[in-house]
Amino acid sequence: AKESGRNNFKFFDNKLNHKVDEEMKIKEGIISAIKRKEFTLYYQPKIHINSGEIVGWEALVRWNHPHMGFISPAKFIPIAEKSGLIKNIDKFVLEMACKQIKELVDKGIRPKSVAINISSSQFNDSNFINTLDRIIAEVGVDPKLLNLEITETTAMQDTYYAKMIFEKIKKRGISLSLDDFGTGYSSLNYLKSFPIDVLKIDKSFVDDICSDQVNNTIVAATITMAKVLDIIVVAEGVETKEQLELLKMAGCEECQGYLFSKPVPIEKMEEMLIKQKFS
Ligand code: C2E
Ligand code: CA
Ligand code: CA
Ligand code: CA
(Lines give C-alpha, C1' and ligand atoms only; values in the text may rest on other atoms or scores of the structure.)
(Ligands and ions follow the chains in the order given, each with its own letter.)
Protein backbone atom coordinates (compact mmCIF):
# COMPACT_ATOMS: atom_id res chain seq x y z
CA ALA A 1 0.00 0.00 0.00
CA LYS A 2 2.87 2.27 0.94
CA GLU A 3 4.57 1.51 -2.35
CA SER A 4 1.56 2.36 -4.52
CA GLY A 5 0.88 5.47 -2.50
CA ARG A 6 4.34 6.70 -3.27
CA ASN A 7 3.86 5.90 -6.94
CA ASN A 8 0.60 7.80 -6.99
CA PHE A 9 2.27 10.78 -5.44
CA LYS A 10 5.08 10.62 -7.93
CA PHE A 11 2.63 10.41 -10.80
CA PHE A 12 0.68 13.38 -9.49
CA ASP A 13 3.87 15.32 -8.84
CA ASN A 14 5.11 14.76 -12.38
CA LYS A 15 1.84 15.86 -13.83
CA LEU A 16 1.86 18.97 -11.68
CA ASN A 17 5.45 19.72 -12.61
CA HIS A 18 4.59 19.30 -16.23
CA LYS A 19 1.73 21.78 -15.91
CA VAL A 20 3.85 24.38 -14.09
CA ASP A 21 6.61 23.84 -16.63
CA GLU A 22 4.25 24.35 -19.52
CA GLU A 23 2.82 27.50 -17.91
CA MET A 24 6.34 28.87 -17.46
CA LYS A 25 7.18 28.15 -21.09
CA ILE A 26 4.01 29.80 -22.30
CA LYS A 27 4.63 32.82 -20.08
CA GLU A 28 8.18 33.26 -21.34
CA GLY A 29 6.99 32.58 -24.86
CA ILE A 30 4.37 35.35 -24.84
CA ILE A 31 7.03 37.99 -24.22
CA SER A 32 9.14 37.03 -27.23
CA ALA A 33 6.12 36.06 -29.34
CA ILE A 34 5.04 39.67 -29.60
CA LYS A 35 8.50 40.72 -30.78
CA ARG A 36 8.84 37.80 -33.17
CA LYS A 37 5.35 38.40 -34.60
CA GLU A 38 4.13 34.92 -33.74
CA PHE A 39 0.66 36.23 -32.97
CA THR A 40 -1.73 36.70 -35.79
CA LEU A 41 -5.41 37.52 -36.15
CA TYR A 42 -8.21 35.45 -37.59
CA TYR A 43 -11.60 36.99 -38.28
CA GLN A 44 -15.01 35.38 -37.86
CA PRO A 45 -18.00 36.92 -39.64
CA LYS A 46 -21.24 37.92 -37.94
CA ILE A 47 -24.23 37.12 -40.12
CA HIS A 48 -27.62 38.81 -40.36
CA ILE A 49 -29.93 35.80 -39.99
CA ASN A 50 -32.75 36.92 -42.30
CA SER A 51 -30.69 38.24 -45.19
CA GLY A 52 -27.56 36.09 -44.88
CA GLU A 53 -25.45 39.21 -45.19
CA ILE A 54 -22.20 39.73 -43.33
CA VAL A 55 -22.79 42.54 -40.83
CA GLY A 56 -19.45 42.49 -39.06
CA TRP A 57 -16.44 40.53 -37.87
CA GLU A 58 -14.70 39.49 -34.67
CA ALA A 59 -10.90 39.47 -34.45
CA LEU A 60 -9.56 36.39 -32.63
CA VAL A 61 -5.90 36.01 -31.75
CA ARG A 62 -3.88 32.95 -32.87
CA TRP A 63 -0.43 31.94 -31.68
CA ASN A 64 1.85 30.02 -33.96
CA HIS A 65 4.67 28.89 -31.65
CA PRO A 66 7.94 27.84 -33.38
CA HIS A 67 8.35 24.66 -31.24
CA MET A 68 4.98 23.98 -29.65
CA GLY A 69 3.02 24.67 -32.82
CA PHE A 70 -0.42 26.18 -32.80
CA ILE A 71 -1.56 27.19 -29.30
CA SER A 72 -5.24 27.91 -28.73
CA PRO A 73 -6.22 31.21 -27.07
CA ALA A 74 -8.35 29.15 -24.68
CA LYS A 75 -5.01 27.87 -23.35
CA PHE A 76 -2.72 30.91 -23.35
CA ILE A 77 -5.21 33.71 -22.62
CA PRO A 78 -5.91 32.44 -19.06
CA ILE A 79 -2.13 32.17 -18.41
CA ALA A 80 -1.59 35.62 -19.90
CA GLU A 81 -4.36 36.94 -17.65
CA LYS A 82 -2.79 35.48 -14.52
CA SER A 83 0.60 36.98 -15.28
CA GLY A 84 -0.58 40.40 -16.47
CA LEU A 85 0.86 39.77 -19.94
CA ILE A 86 -2.64 39.92 -21.39
CA LYS A 87 -2.36 43.70 -21.61
CA ASN A 88 0.56 43.35 -24.03
CA ILE A 89 -1.44 40.91 -26.14
CA ASP A 90 -4.50 43.18 -26.11
CA LYS A 91 -2.45 46.16 -27.23
CA PHE A 92 -0.85 44.13 -29.99
CA VAL A 93 -4.25 42.84 -31.14
CA LEU A 94 -5.81 46.29 -31.07
CA GLU A 95 -2.98 47.73 -33.12
CA MET A 96 -2.88 44.89 -35.64
CA ALA A 97 -6.67 44.87 -36.09
CA CYS A 98 -6.74 48.66 -36.62
CA LYS A 99 -3.92 48.43 -39.18
CA GLN A 100 -5.60 45.60 -41.08
CA ILE A 101 -8.95 47.43 -41.12
CA LYS A 102 -7.24 50.55 -42.41
CA GLU A 103 -5.52 48.56 -45.17
CA LEU A 104 -8.84 47.06 -46.27
CA VAL A 105 -10.53 50.46 -46.33
CA ASP A 106 -7.63 51.88 -48.34
CA LYS A 107 -8.27 49.14 -50.90
CA GLY A 108 -11.91 50.20 -51.09
CA ILE A 109 -13.25 47.30 -49.01
CA ARG A 110 -15.32 48.27 -45.97
CA PRO A 111 -15.72 45.58 -43.30
CA LYS A 112 -18.66 47.51 -41.68
CA SER A 113 -17.64 46.69 -38.12
CA VAL A 114 -14.80 44.72 -36.56
CA ALA A 115 -15.05 43.58 -32.95
CA ILE A 116 -11.98 43.32 -30.74
CA ASN A 117 -11.92 41.46 -27.43
CA ILE A 118 -10.78 43.51 -24.44
CA SER A 119 -9.61 41.59 -21.38
CA SER A 120 -10.60 42.56 -17.87
CA SER A 121 -7.01 43.70 -17.06
CA GLN A 122 -6.92 45.99 -20.07
CA PHE A 123 -10.41 47.35 -19.40
CA ASN A 124 -9.46 48.14 -15.79
CA ASP A 125 -6.10 49.71 -16.68
CA SER A 126 -6.07 53.44 -16.01
CA ASN A 127 -4.23 53.94 -19.33
CA PHE A 128 -6.75 52.03 -21.43
CA ILE A 129 -8.54 55.01 -23.01
CA ASN A 130 -5.21 56.76 -23.68
CA THR A 131 -3.86 53.65 -25.39
CA LEU A 132 -7.02 53.39 -27.46
CA ASP A 133 -6.79 57.05 -28.54
CA ARG A 134 -3.11 56.73 -29.35
CA ILE A 135 -3.53 53.64 -31.52
CA ILE A 136 -6.53 55.07 -33.40
CA ALA A 137 -4.67 58.31 -34.08
CA GLU A 138 -1.42 56.60 -35.09
CA VAL A 139 -3.11 54.16 -37.45
CA GLY A 140 -5.69 56.64 -38.71
CA VAL A 141 -8.52 54.10 -38.65
CA ASP A 142 -12.16 55.23 -38.64
CA PRO A 143 -13.39 54.51 -35.07
CA LYS A 144 -16.90 53.89 -36.44
CA LEU A 145 -15.57 50.63 -37.88
CA LEU A 146 -14.52 49.44 -34.42
CA ASN A 147 -16.52 47.52 -31.85
CA LEU A 148 -15.11 46.53 -28.47
CA GLU A 149 -16.24 43.31 -26.78
CA ILE A 150 -16.25 43.36 -23.00
CA THR A 151 -17.52 40.34 -21.11
CA GLU A 152 -20.54 40.61 -18.88
CA THR A 153 -18.34 39.46 -15.97
CA THR A 154 -15.83 42.29 -16.57
CA ALA A 155 -18.61 44.88 -16.82
CA MET A 156 -20.17 43.69 -13.55
CA GLN A 157 -16.92 43.89 -11.52
CA ASP A 158 -17.42 47.60 -10.94
CA THR A 159 -20.54 48.82 -12.70
CA TYR A 160 -19.89 52.50 -11.94
CA TYR A 161 -16.43 52.34 -13.51
CA ALA A 162 -17.70 50.21 -16.42
CA LYS A 163 -20.42 52.72 -17.24
CA MET A 164 -17.89 55.57 -17.23
CA ILE A 165 -15.51 53.74 -19.58
CA PHE A 166 -18.38 52.63 -21.82
CA GLU A 167 -19.45 56.25 -22.21
CA LYS A 168 -15.91 57.30 -23.13
CA ILE A 169 -15.72 54.55 -25.75
CA LYS A 170 -19.10 55.53 -27.21
CA LYS A 171 -18.08 59.20 -27.35
CA ARG A 172 -15.31 58.19 -29.74
CA GLY A 173 -17.80 56.68 -32.15
CA ILE A 174 -16.85 53.10 -31.26
CA SER A 175 -19.68 50.60 -30.68
CA LEU A 176 -19.86 48.21 -27.74
CA SER A 177 -20.72 44.55 -27.24
CA LEU A 178 -21.42 42.76 -23.99
CA ASP A 179 -19.73 39.39 -24.53
CA ASP A 180 -20.52 35.94 -23.09
CA PHE A 181 -23.90 37.18 -21.92
CA GLY A 182 -25.71 34.87 -19.53
CA THR A 183 -22.59 33.54 -17.83
CA GLY A 184 -22.38 36.44 -15.38
CA TYR A 185 -25.18 37.89 -13.32
CA SER A 186 -26.42 41.13 -14.80
CA SER A 187 -29.61 42.60 -13.54
CA LEU A 188 -31.97 44.28 -15.97
CA ASN A 189 -31.18 47.60 -14.36
CA TYR A 190 -27.54 47.53 -15.44
CA LEU A 191 -28.36 46.45 -18.93
CA LYS A 192 -30.67 49.46 -19.14
CA SER A 193 -28.03 51.89 -17.89
CA PHE A 194 -25.07 50.60 -19.95
CA PRO A 195 -24.79 52.27 -23.38
CA ILE A 196 -24.21 48.99 -25.21
CA ASP A 197 -25.14 48.28 -28.83
CA VAL A 198 -24.81 44.52 -28.98
CA LEU A 199 -25.42 41.65 -26.62
CA LYS A 200 -23.71 38.35 -27.41
CA ILE A 201 -25.49 35.30 -26.08
CA ASP A 202 -22.88 32.83 -24.84
CA LYS A 203 -22.32 29.63 -26.79
CA SER A 204 -23.23 27.51 -23.75
CA PHE A 205 -26.87 28.63 -24.15
CA VAL A 206 -26.89 28.09 -27.88
CA ASP A 207 -25.33 24.60 -27.52
CA ASP A 208 -28.44 22.96 -26.12
CA ILE A 209 -31.10 25.39 -27.22
CA CYS A 210 -32.78 22.54 -29.12
CA SER A 211 -32.84 20.06 -26.25
CA ASP A 212 -33.15 22.21 -23.15
CA GLN A 213 -36.50 23.98 -22.83
CA VAL A 214 -35.26 26.16 -19.97
CA ASN A 215 -32.29 27.43 -22.00
CA ASN A 216 -34.52 28.02 -24.96
CA THR A 217 -36.85 30.13 -22.80
CA ILE A 218 -33.94 32.10 -21.32
CA VAL A 219 -32.59 32.88 -24.77
CA ALA A 220 -36.03 33.93 -26.05
CA ALA A 221 -36.60 36.16 -23.01
CA THR A 222 -33.14 37.73 -23.43
CA ILE A 223 -33.89 38.55 -27.06
CA THR A 224 -37.28 40.08 -26.19
CA MET A 225 -35.72 42.16 -23.43
CA ALA A 226 -32.84 43.33 -25.63
CA LYS A 227 -35.30 44.46 -28.31
CA VAL A 228 -37.15 46.61 -25.78
CA LEU A 229 -33.80 48.20 -24.90
CA ASP A 230 -32.88 48.64 -28.58
CA ILE A 231 -29.90 46.32 -28.31
CA ILE A 232 -28.93 43.94 -31.13
CA VAL A 233 -28.60 40.29 -30.15
CA VAL A 234 -25.89 38.06 -31.61
CA ALA A 235 -25.99 34.33 -30.89
CA GLU A 236 -22.49 32.80 -30.55
CA GLY A 237 -21.39 29.35 -31.59
CA VAL A 238 -24.24 28.46 -33.94
CA GLU A 239 -23.34 25.09 -35.46
CA THR A 240 -26.60 23.60 -36.76
CA LYS A 241 -29.56 24.60 -38.90
CA GLU A 242 -31.87 23.53 -36.06
CA GLN A 243 -30.23 26.02 -33.71
CA LEU A 244 -30.48 28.72 -36.35
CA GLU A 245 -34.18 27.97 -36.89
CA LEU A 246 -34.99 28.25 -33.19
CA LEU A 247 -32.99 31.46 -32.85
CA LYS A 248 -34.79 32.93 -35.83
CA MET A 249 -38.15 32.02 -34.30
CA ALA A 250 -37.11 33.69 -31.05
CA GLY A 251 -36.41 36.89 -32.99
CA CYS A 252 -32.62 36.76 -32.91
CA GLU A 253 -31.19 39.07 -35.58
CA GLU A 254 -27.56 38.06 -35.93
CA CYS A 255 -25.38 35.04 -35.38
CA GLN A 256 -21.85 33.77 -35.48
CA GLY A 257 -20.68 30.19 -35.71
CA TYR A 258 -19.21 27.31 -37.65
CA LEU A 259 -22.53 26.83 -39.50
CA PHE A 260 -21.56 29.89 -41.53
CA SER A 261 -17.83 30.18 -41.06
CA LYS A 262 -14.92 29.43 -38.76
CA PRO A 263 -12.54 32.30 -38.00
CA VAL A 264 -10.49 32.89 -41.19
CA PRO A 265 -7.18 34.59 -42.06
CA ILE A 266 -7.30 38.16 -43.40
CA GLU A 267 -6.85 37.10 -47.05
CA LYS A 268 -9.93 34.89 -46.82
CA MET A 269 -11.85 37.66 -45.03
CA GLU A 270 -11.08 39.96 -47.94
CA GLU A 271 -12.39 37.36 -50.38
CA MET A 272 -15.56 36.91 -48.35
CA LEU A 273 -16.09 40.67 -48.14
CA ILE A 274 -16.06 40.89 -51.89
CA LYS A 275 -18.69 38.13 -52.19
CA GLN A 276 -20.64 39.40 -49.14
CA LYS A 277 -23.47 36.89 -48.98
CA PHE A 278 -24.03 33.46 -47.49
CA SER A 279 -26.72 31.17 -48.80
P1 C2E B 1 -14.95 34.44 -27.25
O2 C2E B 1 -14.66 35.90 -27.26
O3 C2E B 1 -16.24 34.00 -26.65
O4 C2E B 1 -14.83 33.97 -28.77
C5 C2E B 1 -15.61 32.97 -29.35
C6 C2E B 1 -14.85 31.66 -29.43
O7 C2E B 1 -15.73 30.65 -29.94
C8 C2E B 1 -13.68 31.68 -30.40
O9 C2E B 1 -12.71 30.77 -29.90
C10 C2E B 1 -14.30 31.13 -31.69
O11 C2E B 1 -13.34 30.58 -32.57
C12 C2E B 1 -15.19 30.07 -31.10
N13 C2E B 1 -16.32 29.72 -31.98
C14 C2E B 1 -17.01 30.52 -32.81
N15 C2E B 1 -18.02 29.85 -33.41
C16 C2E B 1 -17.96 28.59 -32.93
C17 C2E B 1 -18.75 27.40 -33.18
O18 C2E B 1 -19.70 27.39 -33.95
N19 C2E B 1 -18.39 26.28 -32.49
C20 C2E B 1 -17.34 26.27 -31.62
N21 C2E B 1 -17.06 25.11 -31.00
N22 C2E B 1 -16.59 27.36 -31.36
C23 C2E B 1 -16.90 28.51 -32.01
P24 C2E B 1 -11.16 31.13 -29.81
O25 C2E B 1 -10.74 31.94 -30.99
O26 C2E B 1 -10.44 29.87 -29.51
O27 C2E B 1 -11.10 32.10 -28.55
C28 C2E B 1 -11.42 31.65 -27.26
C29 C2E B 1 -11.51 32.81 -26.30
O30 C2E B 1 -10.22 33.41 -26.12
C31 C2E B 1 -12.42 33.94 -26.76
O32 C2E B 1 -13.78 33.63 -26.49
C33 C2E B 1 -11.89 35.11 -25.95
O34 C2E B 1 -12.39 35.07 -24.65
C35 C2E B 1 -10.39 34.80 -25.92
N36 C2E B 1 -9.75 35.56 -27.00
C37 C2E B 1 -9.56 35.24 -28.31
N38 C2E B 1 -8.90 36.22 -28.96
C39 C2E B 1 -8.67 37.20 -28.05
C40 C2E B 1 -8.02 38.49 -28.10
O41 C2E B 1 -7.55 38.97 -29.15
N42 C2E B 1 -7.96 39.21 -26.94
C43 C2E B 1 -8.51 38.74 -25.76
N44 C2E B 1 -8.42 39.51 -24.66
N45 C2E B 1 -9.12 37.55 -25.68
C46 C2E B 1 -9.21 36.79 -26.80
CA1 CA C 1 -15.68 37.70 -27.99
CA1 CA D 1 -18.07 35.35 -26.53
CA1 CA E 1 -17.80 32.48 -25.14
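Lys99 is partly exposed, with a relative accessible area of 42%, and this residue makes a convenient place to enter the structure, which is a predicted model. Its partner is Glu95, with which Lys99 forms a salt bridge whose closest N and O atoms are 3.9 Å apart. Side chains of opposite charge can pair when their charged atoms come close. Glu95 is likewise described as partly exposed, its relative accessible area being 26%. The two residues sit in helix H3, which runs over residues 86-106, and they are four residues apart, about one turn of the helix.

Helix H3 itself deserves a slower look. At 1.5 Å a residue, its 21 residues should span 30 Å, and the C-alpha atoms at its ends are indeed 30 Å apart, so expectation and model agree. Several of its residues are buried, among them Ile86, Ile89, Phe92, Val93, Leu94, Ile101 and Leu104, and the buried set also includes Asp90 and Gln100. After the helix comes Gly108, a residue with a positive phi, near 90 degrees.

A second pair can be read in the same manner, this time in helix H7. Lys163 and Glu167 both belong to H7 (residues 159-171), and they too are four residues apart, about one turn of the helix. A salt bridge joins them, with 3.9 Å between the closest N and O atoms. Lys163 counts as partly exposed at 31% relative accessibility, and Glu167 counts as partly exposed at 40%. Helix H7 also has a neighbour to consider, since the axes of H7 and helix H5 (residues 128-139) come within 11 Å and cross at roughly 15 degrees. Angles under 35 degrees count as roughly parallel, and H5 and H7 are therefore roughly parallel to each other. Their crossing is right-handed.

How many salt bridges does a search of the whole structure find? The search finds 15, and one of these joins Arg36 to Glu38, with the closest N and O atoms 3.1 Å apart. The partners in this bridge are placed in contrasting surroundings, for Arg36 is exposed, with a relative accessible area of 52%, whereas Glu38 is buried, with a relative accessible area of 9%. Elsewhere, Glu58, Glu149 and Lys200 are linked in a network of salt bridges, and two of these names, Glu58 and Glu149, return at a metal site.

That site belongs to the calcium ion (ligand 2), whose protein donors are Glu58 (OE), Asn117 (OD1), Glu149 (OE) and Asp179 (OD), lying 2.2 to 2.3 Å from the ion. Along the chain these donors follow the spacing E-x58-N-x31-E-x29-D. Asn117 lies in strand S4 (residues 114-117) and Asp179 in strand S6 (residues 175-181), so this pair ties together parts of the chain that are 62 residues apart in sequence. Asn117 counts as partly exposed, at 24% relative accessibility, while Asp179 is buried, with a relative accessible area of 4%.

Which residue bridges the calcium ion (ligand 2) and the calcium ion (ligand 3)? The bridging residue is Asp179, and the two ions lie 3.7 Å apart. The calcium ion (ligand 3) is coordinated by Asp179 (OD), Asp180 (OD) and Glu236, the last of which is listed with two OE donors, at distances of 1.8 to 2.9 Å. The donor residues of the calcium ion (ligand 3) are spaced D-D-x55-E in sequence. Here again distant parts of the chain are linked, because Asp180 is in strand S6 and Glu236 is in the loop between strand S8 (232-235) and helix H11 (241-249), 56 residues apart. Asp180 counts as partly exposed at 25% relative accessibility, and Glu236, at 12%, counts as buried.

The last stop is Lys275, which is found in helix H12 (residues 266-275). At 64% relative accessibility, Lys275 counts as exposed. Although Lys275 and Ile54 are 221 residues apart in sequence, their C-alpha atoms are 9.7 Å apart in space.

Key:
Residues numbered from 1 in each chain as written. Chains lettered and ligands numbered in written order. Predicted model: local features only at pLDDT ≥ 70, side-chain atom pairs only at ≥ 80, totals over all residues. Heavy atoms only, no water. Donors = N, O, S within 2.8 Å, 3.2 Å for Na, K, Ca; no water. Buried < 20%, exposed > 50% of the residue type's maximum accessible area, 1.4 Å probe, protein only. Salt bridge = Lys/Arg side-chain N within 4 Å of Asp/Glu carboxyl O. Expected span 1.5 Å × (residues − 1). Axes fitted to C-alpha atoms, helices over the stretch in contact; angles between N-to-C directions. Parallel < 35°, antiparallel > 145°, perpendicular 65-115°, else oblique. Left-handed = near helix turned anticlockwise from the far one by under 90°.
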